[in-house]
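Me: I'd like to learn how to read a few features of a model like this one. Could you take me through them step by step?

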Amino acid sequence: MTPIRRKALEALHADHRPVGAYDLADRISPAGGRRLAPISIYRALDFLVEQGFVHRLSSRNAYVACLHGHGADEVVAFLICEACGGVDEDSSPAMKKAVAAIAQIRQFSPSHQVVEIVGRCEHCRGARS
Ligand SMILES: [Zn+2]
Ligand SMILES: [Zn+2]
C-alpha cells in the first residue's frame with residue numbers, strides 16, 4: 001500500500017465521523033508542506049473503497065473506514081447521527097435477502113448496496129438537554 005493510501009486509511013480510522021476528501025487532504029498533508037492534490041486523494045480513496053477498507057457515503061459526499069471487514073456484496077446499513085455526526089454500520093442476512101429480492105423482481109443488477117439511516121445515536125438519545 002502506498003504511503004498516501006495508508007495515511008488516508010489511518011486518518012479515517014481515527015475518526016468515527018465521515019470525512020470529506022478535502023478535509024482528508026488537510027489531515028494527511030505534511031505539516032508545513034504543500035497540501036496533497038485532490039486527484040491523489042481521490043485516487044487513494046477509490047482504491048480503499050474498491051478494496052472494501054472504506055465506504056463512501058453518497059448523501060454526505062464523505063468517507064468512513066469500514067468497521068466490519070465484510071464482503072463486497074454485503075448490503076451495509078449506515079446509522080448516521082444528526083446530532084454528533086457519528087456513523088455506525090451494520091448488516092443483517094434478512095436485509096440482504098430483502099434487497100436481493102427487490103433487485104430480482106426489478107431485474108436490477110446492483111453494484112453498490114448501501115442503506116443510509118439518519119437519526120440519533122444511542123449516546124445522543126441519552127443526552128437530553
Ligand atoms: Zn463496512
Ligand atoms: Zn450521536
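Me: Which residues of α2 and α3 meet each other?

Reply: From α2 come Ala21, Tyr22, Leu24, Ala25 and Ile28, and from α3 come Pro38, Ile41, Tyr42 and Leu45. Sorted by class, this contact has nine nonpolar residues, with no polar and no charged ones. Do keep in mind that this is a predicted model.

Me: How do I describe the packing itself, and at what angle do α2 and α3 pack?

Reply: In general, a pair of packed helices is described by two quantities, the angle between their axes and the distance between those axes. Here, α2 (residues 21–28) and α3 (residues 38–50) pack at about 100°, and their axes are 10 Å apart. Angles of 65 to 115 degrees count as roughly perpendicular, so α2 and α3 are roughly perpendicular to each other.

Me: Now the metals. Which residues coordinate the zinc ion (ligand 2)?

Reply: Think of a metal site as a set of donor atoms, then ask about distance, angles and spacing. For the zinc ion (ligand 2), the donors are the SG atoms of Cys81, Cys84, Cys121 and Cys124, at 2.3 Å. The angles among these four donor atoms are 105 to 115°, and the site is tetrahedral. Along the chain, the donors follow the spacing C-x2-C-x36-C-x2-C.

Me: Is Cys81 buried or exposed?

Reply: Buried means under 20% relative accessible area, so cysteine 81, at 1%, is buried. Cysteine 84, by contrast, has 31% and is partly exposed.

Me: What are the protein donors of the zinc ion (ligand 1)?

Reply: They are His55 (NE2), Cys66 (SG), His70 (NE2) and Glu89, which is listed with OE twice, at 2.0 to 2.7 Å from the ion. The sequence spacing of these donor residues is H-x10-C-x3-H-x18-E. Among them, cysteine 66 is buried, with 8% relative accessibility.

Me: Last topic: backbone angles. What is phi of asparagine 61?

Reply: The general idea is that most residues other than glycine have a negative phi. Asparagine 61 has a positive one, near 50°. This asparagine 61 sits in the loop between β1 (54–57) and β2 (62–65), and is partly exposed at 43% relative accessibility.

Me: And where is glutamine 107 found?

Reply: Look in the loop between α4 (93–105) and β5 (114–119). Phi of glutamine 107 is also positive, near 55°. With a relative accessible area of 71%, glutamine 107 is exposed.

Definitions and conventions: Residues are numbered from 1 along each chain as its sequence is written. Chains are lettered from A and ligands numbered from 1 in the order in which they are written. This is a predicted model: local features need pLDDT of at least 70, side-chain atom pairs count only at pLDDT 80 or more; totals for chains, interfaces and linings use all residues. Side-chain values use heavy atoms; hydrogens and water are left out. Donors are N, O and S atoms within 2.8 Å of the metal (3.2 Å for Na, K and Ca); water is not among the atoms, so sites may look incomplete. Four donors count as tetrahedral if all angles lie between 85 and 135 degrees; four count as square planar and six as octahedral if opposite donors are over 155 degrees apart and all others between 65 and 115; anything else is irregular. Buried means under 20% relative accessible area, exposed over 50%, partly exposed in between (1.4 Å probe, protein chains only). Axes are lines fitted to C-alpha atoms, for helices over the stretch in contact, and angles run from 0 to 180 degrees between N-to-C directions. Helices (H or I, at least four residues) and strands (E, at least two) are DSSP runs, numbered from the N terminus. Angles under 35 degrees count as roughly parallel, over 145 as roughly antiparallel, 65 to 115 as roughly perpendicular and the rest as oblique. Contact means heavy atoms within 4.5 Å. Ala, Val, Leu, Ile, Met, Phe, Trp, Tyr, Cys and Pro count as nonpolar, Asp, Glu, Lys and Arg as charged, and the others, Gly among them, as polar.
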